[in-house]
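Me: Hi! I have a new model open and would love to walk through it with you. Can we start with what you count as a contact?

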Amino acid sequence: AKNLIKVIIALLTLAGLSNAAYANDDTYSLGVRGNVMLEDGVPANDMLGFGLYGKYYLEDNWAIGYGIDAYSYDFENTAEFVGLEGTKIIDAKVSSTMISAWAEKSYKWSENTRWFWIVGAGINDVSVDPVTGTLTGG
């Protein structure tokens, strides 16, 4: 998965450099985004991340997009969640990488406003630090 991420980042970087070279061409764009997912702590607290995305603009206000996002957060009280004995609170570190693609249709509302809808799909690779102990009941 790490090699795939490097390839995608390289492709997005090349697309960005290419986009800068053709600044007058409005057929595609590249960007960076920050992501915040607020949670109540069961099983995770707030998840912070960042990502790169690109969009290719088609005719009639359609676009297709792609992105890669990375998150890092704590899995709260992992030992209790999986049924490990003991009272020690153990939080496992989680890292997550998601690759996604989508189609977007936009509509002009007024001179400075537009609304849009998006449909897409993604795949996520999640890695959680191991937590060891004795399971409750054996």
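Reply: Sure! Contact means heavy atoms within 4.5 Å. With that in hand, take Tyr71: leaving out residues up to four places away in sequence, Tyr71 touches Asn35, Met37, Met47, Leu48, Gly49, Val94, Ser95 and Ser96. Keep in mind that this is a predicted model.

Me: Good to know. What nonpolar core is Tyr71 part of?

Reply: Tyr71 belongs to the largest nonpolar core, which has 7 residues. Its other members are Ala44, Met47, Tyr73, Phe75, Ala92 and Val94. S3 and S4 each supply at least two residues of this core, and the largest share, 3 residues, comes from S3.

Me: Let me step back a bit. How many helices and strands are there?

Reply: The protein has 2 helices and 5 strands. Reading from the N terminus, the order is α-β-β-β-α-β-β.

Me: And which way do S1 and S2 run relative to each other, parallel or antiparallel?

Reply: Antiparallel, with 10 bridges joining strand S1 (residues 28–37) to S2. As a landmark, Val36 stands opposite Leu48 in S2. S2 and S3 also pair in the antiparallel sense, over 10 bridges, and there you can find Gly51 opposite Asp69 in S3.

Me: What happens at the turn of the S2 and S3 hairpin?

Reply: There are 4 residues between the strands, and Asp60 takes a positive phi near 60°. Asn61 is found in that loop too, between strand S2 (47–57) and strand S3 (62–75).

Me: Is Asn61 buried or exposed?

Reply: In between: Asn61 counts as partly exposed because its relative accessibility is 48%, and the cut-off for exposed is over 50%.

Me: Which residues does Asn61 contact?

Reply: Setting aside neighbours within four places in sequence, Asn61 is in contact with Glu104, Lys105 and Ser106. Asn61 and Glu104 are 43 residues apart along the chain, with 8.2 Å between their C-alpha atoms.

Me: Switching to charges. How many salt bridges does the whole structure have?

Reply: A search of the whole structure finds 6. One of them is between the side chains of Asp69 and Arg33, at 2.8 Å, N to O. Asp69 lies in strand S3 and Arg33 in strand S1, so this pair ties together parts that are 36 residues apart in sequence.

Me: Are those two buried or exposed?

Reply: They split. Asp69 counts as buried because its relative accessibility is 3%, whereas Arg33, at 24%, counts as partly exposed.

Me: Earlier you mentioned Glu104. Which residue does its side chain meet in a salt bridge?

Reply: The side chain of Lys55, at 3.0 Å, N to O. Lys55 lies in strand S2 and Glu104 in strand S4, so the pair ties together parts that are 49 residues apart in sequence. Both Lys55 and Glu104 are buried.

Me: Any other pair I should look up?

Reply: Try Lys93 and Asp74, whose side chains meet in a salt bridge at 2.9 Å, N to O. Lys93 lies in strand S4 and Asp74 in strand S3, so the two tie together parts that are 19 residues apart in sequence. Asp74 counts as partly exposed, at 24% relative accessibility. There is also a network: salt bridges that share partners join Lys55, Glu104 and Arg114.

Me: What about Ser100, where does that one sit?

Reply: Ser100 is found in strand S4 (residues 92–108). With a relative accessible area of 14%, Ser100 is buried. Not counting residues up to four places away in sequence, Ser100 touches Arg33, Gly65, Tyr66, Gly67, Asp69, Ala121 and Gly122. Arg33 and Asp69 are the salt-bridge pair from before.

Me: Now the outside. Which residues make the nonpolar surface patch?

Reply: Tyr56, Leu58, Trp62, Ile64, Tyr107, Trp109, Trp115, Trp117 and Val119 make a patch of about 930 Å². S3 and strand S5 (114–128) each supply at least two of its residues, and S5 gives the most, with 3. Tyr107 lies in strand S4 and is partly exposed, with a relative accessible area of 31%.

Me: Last one: how much of the protein counts as buried?

Reply: Of its 138 residues, 27% count as buried. The protein exposes about 9700 Å², and carbon and sulfur atoms supply 59% of that.

Notes:
Residues are numbered from 1 along each chain as its sequence is written. This is a predicted model: local features need pLDDT of at least 70, side-chain atom pairs count only at pLDDT 80 or more; totals for chains, interfaces and linings use all residues. Side-chain values use heavy atoms; hydrogens and water are left out. Buried means under 20% relative accessible area, exposed over 50%, partly exposed in between (1.4 Å probe, protein chains only). Two strands pair if DSSP finds at least two bridges between them. Patches are made of residues with over 30% relative accessible area and no salt bridge: like charges are joined within 9 Å, nonpolar side chains (Val, Leu, Ile, Met, Phe, Trp, Tyr) within 5 Å. Accessible areas come from the Shrake-Rupley method with a 1.4 Å probe; for residues, only the protein chains shown count as cover. A salt bridge is a side-chain nitrogen of Lys or Arg within 4 Å of a carboxyl oxygen of Asp or Glu. A nonpolar core is a set of buried Ala, Val, Leu, Ile, Met, Phe, Trp, Tyr and Cys residues joined through side-chain atoms within 4.5 Å.
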